[in-house]
Structures are given as structure tokens and as C-alpha cells.
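User: I would like a close look at one part of this model, followed by its surroundings. Please take your time, as I am in my first year and still learning to read structures.
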Amino acid sequence: MGKRQSNFELLRIICMFFIMGIHIVSQTALGSVGISDGISYYYLTILSSAGRLVCNTFVIVGAWFLVDTEFRPERAVNLWLEIFFYAVPITIVCLAFGWPNASLTTLIQAFFPVFGRPVWFGAEYICLLLLTPWLNRMLKETYIKSTRKVVIVFGILIIGCATLFPIEHTTPAFSELIWFCFLYLLTGMYKHKQLSVHRIFEQYSFWWFLCCYLLLCGLRIAADYLDFGFLRQLYVYYREHYEALPGFVCSIFLFLTFKNWNVKKSSVINLISRSMFAVYIIHQTPAFYRFMWNGIFQIDKAVKQKNIIGYSLIVMAALFFICILVDIIRIAAVEKFVYPSSGYHKICDKIRAFYKDII
């Protein structure tokens, strides 16, 4: 807890709020709210448009610290265990009660956090953690010229392709893992001052972010106001594709905003932030989330009753609180029973031995 920087921890909390925002909108009847619904429509547009691009920001914040630290297998193992700890019991409960979307397939997914991908971001982040020794080596002064060229080529191929050709067939041009590696190297180069950002972007990063984000939101509003299908498809594409220029630029400016913000250290912010991944896993376990939104919280009914803004905020706040409380209990149990166990240390030692010639 002592090494946590509250500006970045607050950023993680805000990013998770936006991630939950896109999920509550896209996975319920909130997604059907139209421009005729007035302020609720504009609120939901702002709430849901950042949900994918902040995945970039999560990776960048993680990379900011990882590029200067030694490889620790415990990071990957702990994340694997956290996904397993939540996904498996939740899926078993869903199966026991016969809830929709719970099946043998979702149970198998839960048992294999990387290959089953019960939550895609967690799976890719574990893989990224396992690649950090090689990525950090690429950031050494000896290799930086070659690394810079790799970053340039990846940037042109991925960002250029996704931005200039906003159609679904461009998606196979990259994988999430390659993109995360690109963001990792870019962040490392920036932190090590091997890549510069113009002062005007650093100094006014919040306003740049706000401008870019409102342009993205404005694309949807214009599409609905004009009833123009192509613009609507363009908005959905750029909202979903965080590797395209709008999402990429927004996430960079969002990161710079908080990096340059001198937030006083807060134990409360740091404590809450520690459980953000638990919030993500619990509310997006495949067997559970649809029942959660409408079996427990009845979001669709609230939409019919036009009780949108207040109720959605209450639901998200309740989810945050419940998940954080559950995760505090999990952390206490893991630290007492799992971390000291011989099995845990054997797994970490085996991974460490595999990397001994690299680290």
C-alpha cells in the first residue's frame, strides 16, 4: 500500500466506473434509450462511450510501474488466482440455481482463466505480465533504436489500419496481446524519456482529453439527431475499437492528466483501487452478468419506468461497494491461507526458474 500513488489509483477507479458504464448500457435495455429521452440519453452517451478506451489506460498505468521493476511471477499467479477465485464459485452458484447463461461451457471457461478467458482483459493482462522480462529488455539503451522502429511499425499497421478502415474485417490485423505489448513499449519509452510529448499536450492534457472525448460522444449524437446509419456505425466502431485513433488518443490524454495531477496520498483511494479488478471480474463473469442486471437489479424495468439516471448510479455504487467488501475478505483469506502455502511457493519458484536466464 505504501508504494501506491493515489493519482493513479484514482484513475483506476474512474476507469472502472466507465467500464461498468459501457457494460450496464450495452448489456441491458439502457442501450435502447434514444435522443427523444432527453437528458437520460446524453447521460448514457457520456457514461458508455469511454468503456473500451480506458482499457488502454489500465495497461498504460500498469506499464508505468512495471517497466522499472523486476519480474515477479507472483503478479501473474495472483491475478490468475483472483480470476479463478471469483469466476468458478460464481459460475457454480449460477448453474445450481439454473440461471440463464450458466452452462458447462462457462464453467470450463472459469476453470481456465487464460485459455478459457472468462474475462478477456484479465487473460490478456496475465499474458502481458509473463512477457514483461523481454519487453523490459527491449527498452534497454542497447536495443532502443530497434524498439523505436518496432513501435513505429506497430503504430502504423494497427492504429492506421483500424482508423482509416473502420470496418470489422480490420479486427484480425491485431490481437489484444500485441496491442498491449505496443502500449507497454510506448509507455516505457515515454517514461525513460526515449519518447517526448509536446509541452502543449502535457500541460493541457485534460482539455485535450475532454475535447477528444466529447467529439466521440458528439459523433453518436449527430448520428441519432440526423438519423444517419453510417455515422451511427462509425460511432459504434470507434467506441469499441480502442486501437483506433480516437480511443488511443483519449486514453493517452487521460493518463497524462492524472500523471501530472499531484493528488495527496489517500489511504481510502488506495484501498478502494486495490479491488478494482475484483469489481471487473465479478460483474462480468459470463454466467452471471445478465442475471445480475435484470434478475437482481431489474435494469430493464427501471428503463420502462423512466427511472434511468438515479437508478443506474445507485446500481453501480452498490456493485462497487459489494465487490470491494467481498474482495477485502478475499484478500485477508488469501494472505492468510494461500500465500504462505507450499504449493503457492512451488508454482512461483517454478516460473522463476524458467525465467532465471532472462531476469
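How many residues does helix α12 have, and how far does it reach from its first C-alpha to its last?

Analyst: Please keep in mind throughout that this is a predicted model. Helix α12 runs over residues 245–259, which makes 15 residues, and from its first C-alpha to its last it reaches 21 Å, close to the 21 Å expected at 1.5 Å a residue.

The next thing to ask is which of its residues are hidden from the surface. The buried residues of α12 are G247, F248, C250, S251, F253, L254, F255, L256, T257 and F258. When you read such a list, it helps to recall that an α-helix has 3.6 residues a turn, so residues three or four places apart point the same way. As for what these buried residues pack against, the partners are the helices α1, α3, α7, α8, α9 and α10.

One of those partners, α7, can be examined in the same manner. Helix α7 covers residues 144–164, and its 21 residues should span 30 Å at 1.5 Å a residue, which agrees with the 29 Å between its end C-alpha atoms. Its buried residues are I144, T147, V151, G155, I158, I159, A162 and T163, and what covers them includes α6, α8, α11 and, once again, α12. The packing between α12 and α7 can therefore be read from either helix, since α7 appears among the elements that the buried residues of α12 pack against and α12 appears among those covering the buried residues of α7, where packing rests on contacts with heavy atoms within 4.5 Å.

From α12 we can also move into the interior of the model. The largest nonpolar core has 110 residues, and those with the most contacts inside it are I24, F121, W179, F255, Y280 and W293. F255 has already been met among the buried residues of α12, while α1, one of the partners of α12, gives the most to this core, with 11 residues. Y280 is another of the core residues with the most contacts, and, leaving aside its neighbours within four places in sequence, Y280 is in contact with M16, I19, H23, V119, W120, F121 and G122.

Helices α1 and α3, which pack against the buried residues of α12, also belong to the surroundings of an open space. The largest pocket has a volume of about 1,400 Å³, and the elements that give two or more residues to its lining are α1, α3, α4, α6, α14 and α17. The largest share, 5 residues, comes from α4. In total the pocket is lined by 29 residues, of which R4, R12, R72, R75 and R274 lie nearest its centre, and the lining residues divide into 14 nonpolar, 4 polar and 11 charged.

S275 lies in the loop between α13 and α14. This serine is buried, because its relative accessible area is 0%, and buried means under 20%. Not counting residues up to four places away in sequence, S275 touches I324, D327 and I331.

The loop between α8 and α9 is also worth a look, as both of these helices pack against the buried residues of α12. L195 lies in this loop and counts as partly exposed, at 31% relative accessibility. Leaving aside its neighbours within four places in sequence, L195 is in contact with L186, M189 and Y190. L195 and R148 are 47 residues apart in sequence, and their C-alpha atoms are 8.7 Å apart in space. S196 lies in the loop between α8 and α9 as well, but with a relative accessible area of 69% S196 is exposed. S196 and S341 are 145 residues apart in sequence and 45 Å apart in space, C-alpha to C-alpha.

Finally, two loop residues elsewhere show a point about the backbone. R117, in the loop between α5 and α6, has a positive phi of about 50° although it is not a glycine, and R117 counts as partly exposed at 28% relative accessibility. Q298, in the loop between α15 and α16, has a phi near 55°, again a positive value in a residue other than glycine, and at 30% relative accessibility Q298 is partly exposed.

Note on methods:
Residues are numbered from 1 along each chain as its sequence is written. This is a predicted model: local features need pLDDT of at least 70, side-chain atom pairs count only at pLDDT 80 or more; totals for chains, interfaces and linings use all residues. Side-chain values use heavy atoms; hydrogens and water are left out. On a 1 Å grid over the protein atoms alone, a cavity is a set of points where a 1.4 Å probe fits but cannot get out, and a pocket is an open set with protein on both sides within 12 Å along at least five of seven lines; lining residues have an atom within 4 Å of a point. Grid points are joined across faces, edges and corners, and a volume is the space filled by probe spheres set on the points. Helices (H or I, at least four residues) and strands (E, at least two) are DSSP runs, numbered from the N terminus. Ala, Val, Leu, Ile, Met, Phe, Trp, Tyr, Cys and Pro count as nonpolar, Asp, Glu, Lys and Arg as charged, and the others, Gly among them, as polar. A nonpolar core is a set of buried Ala, Val, Leu, Ile, Met, Phe, Trp, Tyr and Cys residues joined through side-chain atoms within 4.5 Å. Buried means under 20% relative accessible area, exposed over 50%, partly exposed in between (1.4 Å probe, protein chains only). The expected span of a helix is 1.5 Å times one less than its number of residues.
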